[in-house]
Number of protein chains: 8
Amino acid sequence: MSKILVGIVMGSDSDLPVMRAASDVLGELGIPCEVVISSAHRIPDKTATYARTAVERGLAVIIAGAGQAAHLAGVIAAHTPLPVIGVPLQSGPLNGVDALYATVQMPSGIPVATVAINGAKNAGILAAQIIGATDLEVRAKVAALKAKLARQVAEKDALLNELGIDVYLARLKK
Amino acid sequence: MSKILVGIVMGSDSDLPVMRAASDVLGELGIPCEVVISSAHRIPDKTATYARTAVERGLAVIIAGAGQAAHLAGVIAAHTPLPVIGVPLQSGPLNGVDALYATVQMPSGIPVATVAINGAKNAGILAAQIIGATDLEVRAKVAALKAKLARQVAEKDALLNELGIDVYLARLKK
Amino acid sequence: MSKILVGIVMGSDSDLPVMRAASDVLGELGIPCEVVISSAHRIPDKTATYARTAVERGLAVIIAGAGQAAHLAGVIAAHTPLPVIGVPLQSGPLNGVDALYATVQMPSGIPVATVAINGAKNAGILAAQIIGATDLEVRAKVAALKAKLARQVAEKDALLNELGIDVYLARLKK
Amino acid sequence: MSKILVGIVMGSDSDLPVMRAASDVLGELGIPCEVVISSAHRIPDKTATYARTAVERGLAVIIAGAGQAAHLAGVIAAHTPLPVIGVPLQSGPLNGVDALYATVQMPSGIPVATVAINGAKNAGILAAQIIGATDLEVRAKVAALKAKLARQVAEKDALLNELGIDVYLARLKK
Amino acid sequence: MSKILVGIVMGSDSDLPVMRAASDVLGELGIPCEVVISSAHRIPDKTATYARTAVERGLAVIIAGAGQAAHLAGVIAAHTPLPVIGVPLQSGPLNGVDALYATVQMPSGIPVATVAINGAKNAGILAAQIIGATDLEVRAKVAALKAKLARQVAEKDALLNELGIDVYLARLKK
Amino acid sequence: MSKILVGIVMGSDSDLPVMRAASDVLGELGIPCEVVISSAHRIPDKTATYARTAVERGLAVIIAGAGQAAHLAGVIAAHTPLPVIGVPLQSGPLNGVDALYATVQMPSGIPVATVAINGAKNAGILAAQIIGATDLEVRAKVAALKAKLARQVAEKDALLNELGIDVYLARLKK
Amino acid sequence: MSKILVGIVMGSDSDLPVMRAASDVLGELGIPCEVVISSAHRIPDKTATYARTAVERGLAVIIAGAGQAAHLAGVIAAHTPLPVIGVPLQSGPLNGVDALYATVQMPSGIPVATVAINGAKNAGILAAQIIGATDLEVRAKVAALKAKLARQVAEKDALLNELGIDVYLARLKK
Amino acid sequence: MSKILVGIVMGSDSDLPVMRAASDVLGELGIPCEVVISSAHRIPDKTATYARTAVERGLAVIIAGAGQAAHLAGVIAAHTPLPVIGVPLQSGPLNGVDALYATVQMPSGIPVATVAINGAKNAGILAAQIIGATDLEVRAKVAALKAKLARQVAEKDALLNELGIDVYLARLKK
């Protein structure tokens, strides 16, 4: 796979440390993506153009992360028939509740697939699941990722059982 | 005064019963305005064009009312240097808290002058105050409106004092 | 198209009046779906089995609607690599904020694509967009639906412009 | 007493520093317990099996701690007739309000006995109270624990009375 | 079984229409209970005495329901080593969020087993589960109740499958 | 004045650093007070006795500070006809919103005069105002305190005017 | 007693149906009061004058009720050394949470004694308790009122015990 | 331009580090302003006088910043026909939600143009937009400021595209 399938857009470069988790997990799953800084409010025309041309450029899914009055995902969804995933970001005094409401409470006709506040990694996995809805190879990779997560939990439980709480916690701190 | 100075935009005709209060009070103050239905999500290009051409059409202020993930005021503010007043509307299960956060929590550089949830009348008065910041005739009309409100409170207090609680409340119910 | 692609699951038949909007819009878009009542808490094994067998039965997307401590979408997402759309339902004294948090705040690894509280119609559209991420025919239908919504807003605006507020509102009430 | 009566389950080893307080207080009360890491979302089948076999393994109560969209206690309650105590954990930007709602707002038929956010120690005491509802020896130990807490408050009050605020606070800081 | 095992206390007779669900489900499960009106604030001494004498009168569990600044469950828990179940009631402008916080956020040492806002039926079931933690006959009754709930969901699903949405909803309305 | 007129009660010695502000301001106003640690939940009988004997010991006002499910002020108000001032304390993950609701939302008949979260200094001033409702000497001291606060604001404004923002802020940091 | 001791102020005559409960209970306790409509925002000078002259007119306590951005109690407290009781009123989409925060979260130096949302009756009782802090006759009346409330609860409990739930509820409905 | 057009008022000098952003951006736009410390509660008369004389002193807009029960903007709006911009400040345990509600939820007749919590820079820009509603030179400066912001976003995006995530983030940290 080499064509870019997922666009990851964020409103500011201060969002990059959180949003890069989407890019990282897509890389891990072998799905090419691009990372773009574009603000719904500061450069609205560029944002609209990005969304409007997404189909012709071959994107299948767009992920948009923004904080506070987070309009980015909604604005993009207004300009494309592609599925848009919204990541409400925790920034400012309301801790992301404002971004969550501004992202998820979309009016009828223009949905945004919202994940948890700061849930950029899950946004990447959801993008892969969306591609995997019809692409069996990608779906298998998602299933493998989930199996790995399950194994990690089981291993931790076994280790805790073996070591006991005190030794386990002492190791955790190192 | 006959040139239209204030544009009142709302996302849906279901917002009209609340938003008309802005139009009504501007009419009372003799400030011409226009009322427009235009959705940030359903017809984003028309909304952007409306905002972008506001200056050349001679508008001085834009009022935007929307509910839930209320992006309308922010989208308009992104496309004009004019002051934009946002009216968060009470609709849906969150009672307008979502609309309040989505309207007021704008990022640095693109303010929206937000009034109370469903505060359409105050949006109209604020638009008049903005015009009155430099237009002394309009300012005088705003001052007169506030004086009228003050008189009404004083008259009610006098009447309550005269009638007592029981008779006053009985009249109120009629 | 005749194979069932979307499963719509809800926790109780009292959710049906809201959740049917997902089924209706999918019908309008020509995408076959099935409607199932299955509770994450009351019949957890059946729910798990439904999710685990979704791939082999040919589903591409699952929509899950639940209220209060809304675990249904998360439980289903735990058992399938398919994308799962969660609809938080407004029920009980917290008006759906509990369901929103319980649906959207999923841990890393297991995303739920959350739409607005009671946003069942948008869940159906999002399911179509997900299928349309790779199916161009479905994508065209989604684009047509959005164009219809845009036209409706424009028509209402034109009508309001023609009739004025009072006559328009009088018609709306009828 | 040597048979394990209480199972303490948590979704991640990052919950262990908080959840160990349940284990500690049960140890103090002489009630054997086991500590398990098992995620409702990442290894749902193991979690379901754990809950379903709890009765035959002789457990009397299960304590489950989880954060964010905290489904763990509810999922366990769905698979056992034993009383299940839920500990909503403070993690992520919503500070545990999401976990509280996701734990306590259970549907009719499947209760979760919810304690305070991060209230792991109280979960352990409640487990002991539940066993003590019919076991008089355990009940006496609970009563003794509460009497000790009462004495501590009384001693602090006496010391404050003796030392005065400034000296007392200076000692507290050491 | 004829000895009274569960005390159901509420702060006001206006709580009775909601709280009677606890009494009803306990009756259905064959567990004798008593229903008492006693306010933590209006008759604090009677409330304290009720809690303090609960053990000697043979109670095993106490259920307390209250609204707003709901102190009833906490006050009772302060006076008895028995497990206390709190039912936050929806009353007044905050819809029960105040009662939820006032019931669940208990300090270390004095837990209250909190159920959902207005969750009186679940409080009754939880009381039975607590008794069933050591009484196998009661536990079997709880298991049977849960199995009945599961069957009801399955039957509704089958009926919906048979009738389709429109006919099913038409029947529901009757 | 030498008789103790105000009792300041708090649930834990960890509340002392905040609650001492009430004692300090009462000292500044020359009103004798006592400081007591007494928990509504851990030593309920001592707390009830303290409240019940307040009148005979000559107290005129009681201040009670507590966090989380803050019942202390309500419990005291239940046992005395004296005015009770409640200070909701910021502790735990809900930042004092739980304590605010648990303190202020009292049922009809048993008011608690609630001040801001962590508002211990204001609780002391309010206690003085209550005594000053009939004691003109105390009232004059309250008026003098408020005048001092007013002067401080005016002095800061004059200094800012003189120094400019940069120099003023540089001084503030020292 | 015939001198007016308590002033009850409200921002609008629409607050009268709730606020009259303060007047009613003060009447019941034999404490003369006056009822005034005066808005902090619409007639700020009259409101300030009312507060500033309260001492010379002989008032001992002022009760202020307002909704939404409820500034009335704070504005009055800014102009008088008398104790001011704030009643946050439930009006508008935020159900009184806005009024609660705007009333209780006062800055250091200017307390407002806040009661529950719509807690006008408790405001009246608190005013009586404040007067009773030094007036033993009034204090005795408050104690008698509380004793009456206690008797009412006890009588309801006895009646419920006698009649059983079904008959009691049937009577309640009549 | 040399006449002072904008007054920036704040309740305490502790608000200065946040509020100076309004002054800074107005300086950048060449609009003279004054900065004043004046509390609605501690020196209400000075605050009222400041607002009442604003017109005669030639001000066109007033910006008011306050935290908690933030009455400052509302009190000023009550005394002037000029447009008043409110900046809710994040201070205390409620993180500015209290200040937001107390600022924005103004009653009909007395609007406050509210910006985001801590949104002092946007308050300055909004003040410029208000002056620019009729002053074309100021409007052009606002448009230039917005264009600069747009360019900065575009430059960051280009740089990220050139450097890649890792190098970009490494530079950001420096």
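## Exercises on a predicted multi-chain model

In this predicted model, B:Arg20 and C:Asp166 make a salt bridge whose closest N and O atoms sit 2.7 Å apart. Let's start from that pair and work outwards.

**Exercise 1. Work out what the B–C interface is made of: which elements, which residues and how much area.**

*Step 1: the charged pairs.* The rule turns up three salt bridges across the interface of chain B and chain C. The 2.7 Å between B:Arg20 and C:Asp166 passes the cut-off of 4 Å. On top of that, count four residue pairs in polar contact, both partners being at pLDDT 80 or more.

*Step 2: the elements.* On the side of chain B that touches chain C, helix 1 (16–28) and strand 2 (33–37) of chain B each give at least two residues. Helix 1 of chain B has the largest share, with four residues. Sorted by type, the residues of this side come out as eight nonpolar, four polar and four charged.

*Step 3: the area.* Contact here joins 16 residues of chain B to 16 residues of chain C. Together the two chains bury about 1,500 Å², with 69% of it on carbon and sulfur atoms. Three residues stand out: B:Asp13, B:Ile37 and B:Pro93 account for 36% of what chain B buries against chain C, more than any other three residues.

**Exercise 2. Find the operation that takes chain B onto chain C, then say whether the copies meet through the same or different surfaces.**

*Step 1: the general setup.* Any two copies of a chain are related by a rotation about an axis plus a shift along it.

*Step 2: the numbers.* For chain B and chain C, the rotation is 90 degrees and the shift along the axis is 0.0 Å, giving an RMSD of 0.0 Å. The two copies are therefore related as by a four-fold rotation axis.

*Step 3: the surfaces.* Only 6% of the interface residues of chain B are also interface residues in chain C, so the copies meet through different surfaces.

**Exercise 3. Do the analysis again for chain A and chain C.**

*Step 1: area and residues.* Each chain brings 38 residues to the contact. The buried area is about 3,200 Å² between them, and 61% of that is on carbon and sulfur atoms. A:Pro81, A:Pro111 and A:Lys146 provide 17% of the area that chain A buries against chain C, which is more than any other three residues.

*Step 2: polar links.* Look for salt bridges between chain A and chain C and you get zero. Polar contacts are another story: 18 residue pairs are found across this interface, both residues at pLDDT 80 or more.

*Step 3: the elements.* Two or more residues each come from helix 4 (97–104), strand 5 (113–114), helix 5 (120–132) and helix 6 (136–173) of chain A. Helix 5 of chain A makes the largest contribution, six residues. By type, the side of chain A that touches chain C splits into 27 nonpolar, eight polar and three charged residues.

*Step 4: the symmetry.* Chain A lands on chain C after a rotation of 180 degrees with 0.0 Å of shift along the axis, at RMSD 0.0 Å. That is how a two-fold axis relates copies. The surfaces fit this picture: 100% of the interface residues of chain A are also interface residues in chain C, so the copies meet through the same surface.

**Exercise 4. Locate G:His71 and E:Ala102, and decide whether each is buried or exposed.**

*Step 1: G:His71.* Look in the loop between strand 3 (61–67) and helix 3 (72–78) of chain G. Its relative accessible area is 1%; buried means under 20%, so G:His71 is buried. A polar atom of the G:His71 side chain is 2.9 Å from the backbone oxygen of H:Ala102. Beyond four places in sequence, the contacts of G:His71 include G:His41, H:His71 and H:Met106.

*Step 2: E:Ala102.* This one is in helix 4 (residues 97–104) of chain E, and E:Ala102 is buried too, at 1% relative accessible area. Its C-alpha is 9.0 Å from that of E:Gly67, 35 residues away in sequence. Past its sequence neighbours within four places, E:Ala102 touches residues including E:Gln68, F:His71 and F:Ala102.

**Exercise 5. Which chains do not touch chain H?**

*Step 1.* Chain C makes no contact with chain H, the closest C-alpha atoms being 17 Å apart.

*Step 2.* Chain E does not touch chain H either, with nearest C-alpha atoms 16 Å apart. So chain C and chain E are among the answers.

Notes. Residues are numbered from 1 along each chain as its sequence is written. Chains are lettered from A and ligands numbered from 1 in the order in which they are written. This is a predicted model: local features need pLDDT of at least 70, side-chain atom pairs count only at pLDDT 80 or more; totals for chains, interfaces and linings use all residues. Side-chain values use heavy atoms; hydrogens and water are left out. Contact means heavy atoms within 4.5 Å. Buried area is the accessible area (1.4 Å probe) that two parts lose on being put together, summed over both. A salt bridge is a side-chain nitrogen of Lys or Arg within 4 Å of a carboxyl oxygen of Asp or Glu. A polar contact is a pair of N or O atoms within 3.5 Å; within protein, one must be able to donate a hydrogen and the other to accept it, and residues adjacent in sequence count only if both atoms are side-chain atoms. Ala, Val, Leu, Ile, Met, Phe, Trp, Tyr, Cys and Pro count as nonpolar, Asp, Glu, Lys and Arg as charged, and the others, Gly among them, as polar. Copies are superposed by least squares on the C-alpha atoms of residues with pLDDT of at least 70 in both. Buried means under 20% relative accessible area, exposed over 50%, partly exposed in between (1.4 Å probe, protein chains only).
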